[in-house]
Each structure stands twice: as structure tokens, then as C-alpha cells.
Amino acid sequence: MTERSLAQWLQHLEAIHPAEIELGLDRIRSVAHALNLLPFPLPVVTIAGTNGKGSTAAVLERLLTAHGMTTGLSTSPHFLNFNERIRVKGAAVSDTDIAASFAQIEEARGDTTLTYFEFATLASLLIFVQYRADIAILEVGLGGRLDAMNLVDADIAVITSIALDHQDWLGDSREVIGREKAGVARSDKPVVVADKQPPEGLIEFLHDLGAKPLSIGTDFGITDNSAYVSADNDNVIVSCIVPPALRAENVAAALQVAALLGVNLADLDVSALVQAAAPIGRLQRIIRDEREYLLDVAHNPAAVENLVNYLSENPIAGRTFALFSVMADKDIHAMMRRCKNCFDTWLLADLEHVPRAAGSSQVASILNDEEERNIVCFDALDSAFAEAQLRLQVHDRLVVFGSFHTVAGVLPLLGSDRRETGN
């Protein structure tokens, strides 16, 4: 068989499985056994939650790498390049490594079908073993209990904030969703719970599973915009100021996991590492010609509320525009209610080639129901951005939010593929 490039492999993966999402572990487990990945030979940290998974993973990766550990990080989705999903020692792995792992998986799977995400999960695990990583950090894609990342047993599990999202798949209450996400916990293993107000019964459920929960506010915590981790619930080992692009509870969770892994946090410049860990697309502030661009992948009501709080706490002198598009299966009504009266003008874009995306006219109808005004629809993201460029004046702000596809589409238009703050 002719060797495929990474781009060709990704096209192949998109074509061979009819469903974008198919929860369940039976198929991927059978292929993992064929690849000799089970039992998985490396220590594992698995991170589940509605919001904050990627940020927690990014901070933990920085801390462990600075400690001298070879980290493997599997995260999703990506913004610009698939390689962002698989990182070793803080750097994205090569096309060659990924293509080779896909070839192994293709040969091992036989007649078993795998989703795009399941291929990516197995590729991550193969590459981490190949590079003899000291630890694998796995960010759950959807839910927890039935997510592909739950294929391997977590030595430490993390549960970040829990909110309503993906209700069609996970349930229609925080309590039900919380139990699905708690499925990454393992008996007799720590689980770090970073939700300040966890769903009712979550901690008891974790105890019933035999896990050992550590809770924010008890075992580790936050004060104002600082995060800290303690020893014996009393003596603070380390604390740090948290930058606006990160949530303090996620940073605190990462600190707690690092402490559980034996990292001497007092020997590290934790504040500098946390500052450097802020991932792209999360309250990412870019300044161009005295105009501010704020990019945030807020794609559920809780994340939108966090974005609105940031806007309220960081006012500007000029006007604020929104460039927005989102998937149709999101609670768009609740998202729009959260940001009522926040924007002077709405620029709504259709996401071409994304079948799951809501049309701009659909979003406009919802905004009209909320009595929002100054709404303009576009049939393409680049057209909406071009209009924003024409309208923005000095000291104005453009907030680009919603789907990962939205932020990923605007980043190259701004000439930015990394986190950038500007002044």
C-alpha cells in the first residue's frame, strides 16, 4: 500500500466511519488489545469536565515538563493543525509519527470501525509508548465513562467544572452529567474535583466507586485570583497569581495533581509556568492598531457566562462587536441570554463545510427573540471578519466566540497561530 501523508490519512478517517460521535469502549478496546496497548504501561492522568479541561491539562504539562518529566498530552479539538492534539515534552509530534501510528491502527483494526476521535486516541497512546513518556495526560473528548480516553485506567483523575452541555448524549441535569464524567475515576485512586459547587451526590458517588476524592476548598483551593495547594490541609506549599485567560480552580487542580505526582512545586517558578500555559483560544487577547481582538471558545452557557464576566471586569473605551457561530446542538437560547446587552453589533457567520453548525439566520432569530439589535448575517466566516475590520475603530473590541471552528478560522486571518497578549 502506498504510504499516505497525514492529510490523506485525515481524509481517510473522516470517510470510513459514518458517525462523528459514537460513545462506547468495546470497539476501541478490541483494537487496543490488538495493538498490545492494554494494560497500558504508562502512568495516566485523565481529565474530564465540561469546561476547563484543556487549560488544566496545559498547566499540568508545563509543571511536569519543568520538573524534568517526559510528558505525553492528548487533547482536542485542534485549532490549526491536527498535530496540536498529540504533544510530547510540550511540543506537537511530527506528521511522520502520526501517519505511522495511523498505519499501525489501520492494520490492527481489521473490520472494526473507529471514529476520527478514536483513531486520534489510539495514535496518542502508541506515540506516548514509543517515546517512553513518564506520564500520559489525557483530555476527555465527551463525557467520561464511555469516552475513548477512558479506555485506559487513570492513576489520577480530574473533574473540572460540570455544566449543561451535550445533553443529548450525557443527560439533562448536572447530577446525571456529573456521574458520566465521574466514570474516569478508578477504585483506590485519587480524583481531584475542581468544581466549586459539584453536583449533588457527586462526591458520594465517587466514594461509592472506591475512588479517593480531593475537593477544591478542602484539599486545595483558590483565593480571589490566586491558586494554592496545601499539605495536610494546613501548610501552603505554593500559591500563584492566575492570569485572566485561566480559571483559578483549573490551575489549582493542576497544582494538586503535580503534588500528588511528587513534584516539588516549591522548586519551580510556578507563576511563570502558569502564565506561559494559557492556551490559545481561551480569552486570548490580541492587539492590532489599537483595536482589541478577544478570542474565546465559549460554546456552552457556563463558558459564555465566564466570558461575559471577563468583559464586565475589563471594560474598554470604545464599542464591542461580536463575531459568533456555534454548533446547532448547543443551547443557543441560554447562551444568548447570558450575553444580553453585551454587544453593540452582532456579526453572525455561517460555518461552511461544518454540517453540525447552526445557520446565521437561525442564530439571528434567537437574538431577535431576546430583543437584540444590530444583527448582520454572513454566508462565510471570512466575510464576517472582513466586515468587522471595516467597522472597528481605535479602542473598539471584537469578541470572536462560539465554536472551536469559529476561533480557528479567525486566528490565521489575524496572522496569529499562538497566544499573544499585546499592550
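Which side chains meet in a salt bridge at 2.8 Å, N to O? The legends below begin with that pair, as seen in a predicted model.

**View 1. A salt bridge within helix α14 joins glutamate 387 and arginine 391.** The side chains of glutamate 387 and arginine 391 meet at 2.8 Å, N to O. Both residues belong to helix α14, which spans residues 381–391. They are four residues apart, about one turn of the helix. Glutamate 387 is partly exposed, at 22% relative accessible area. Arginine 391 is likewise partly exposed, with a value of 31%.

**View 2. Arginine 145 and glutamate 180 form a salt bridge between distant parts of the chain.** The distance between their side chains is 3.0 Å, N to O. Arginine 145 is located in the loop between β5 (135–139) and β6 (156–159), whereas glutamate 180 is part of helix α7 (residues 174–181). The two residues are 35 residues apart. Arginine 145 counts as partly exposed, at 39% relative accessibility. Glutamate 180 has a relative accessible area of 15% and is therefore buried, the cut-off for burial being under 20%.

**View 3. Glutamate 249 is paired with arginine 247 in a salt bridge.** The side chains of these residues meet at 2.9 Å, N to O. Glutamate 249 counts as buried, because its relative accessibility is 8%. Arginine 247, by contrast, is partly exposed, with a relative accessible area of 32%.

**View 4. Arg285, Glu292 and Arg397 take part in a network of salt bridges.** This view shows the three residues that the network links: Arg285, Glu292 and Arg397. For the wider context, a search of the whole structure finds 17 salt bridges.

**View 5. Glycine 201 occupies a loop between a strand and a helix.** The loop containing glycine 201 lies between β7 (190–193) and α8 (202–208). Glycine 201 has a relative accessible area of 23%, and so it is partly exposed. Asparagine 51 serves as a reference point for this view: glycine 201 and asparagine 51 are 150 residues apart in sequence. In space, the C-alpha atoms of glycine 201 and asparagine 51 are 20 Å apart.

Note on methods: Residues are numbered from 1 along each chain as its sequence is written. This is a predicted model: local features need pLDDT of at least 70, side-chain atom pairs count only at pLDDT 80 or more; totals for chains, interfaces and linings use all residues. Side-chain values use heavy atoms; hydrogens and water are left out. Buried means under 20% relative accessible area, exposed over 50%, partly exposed in between (1.4 Å probe, protein chains only). A salt bridge is a side-chain nitrogen of Lys or Arg within 4 Å of a carboxyl oxygen of Asp or Glu.
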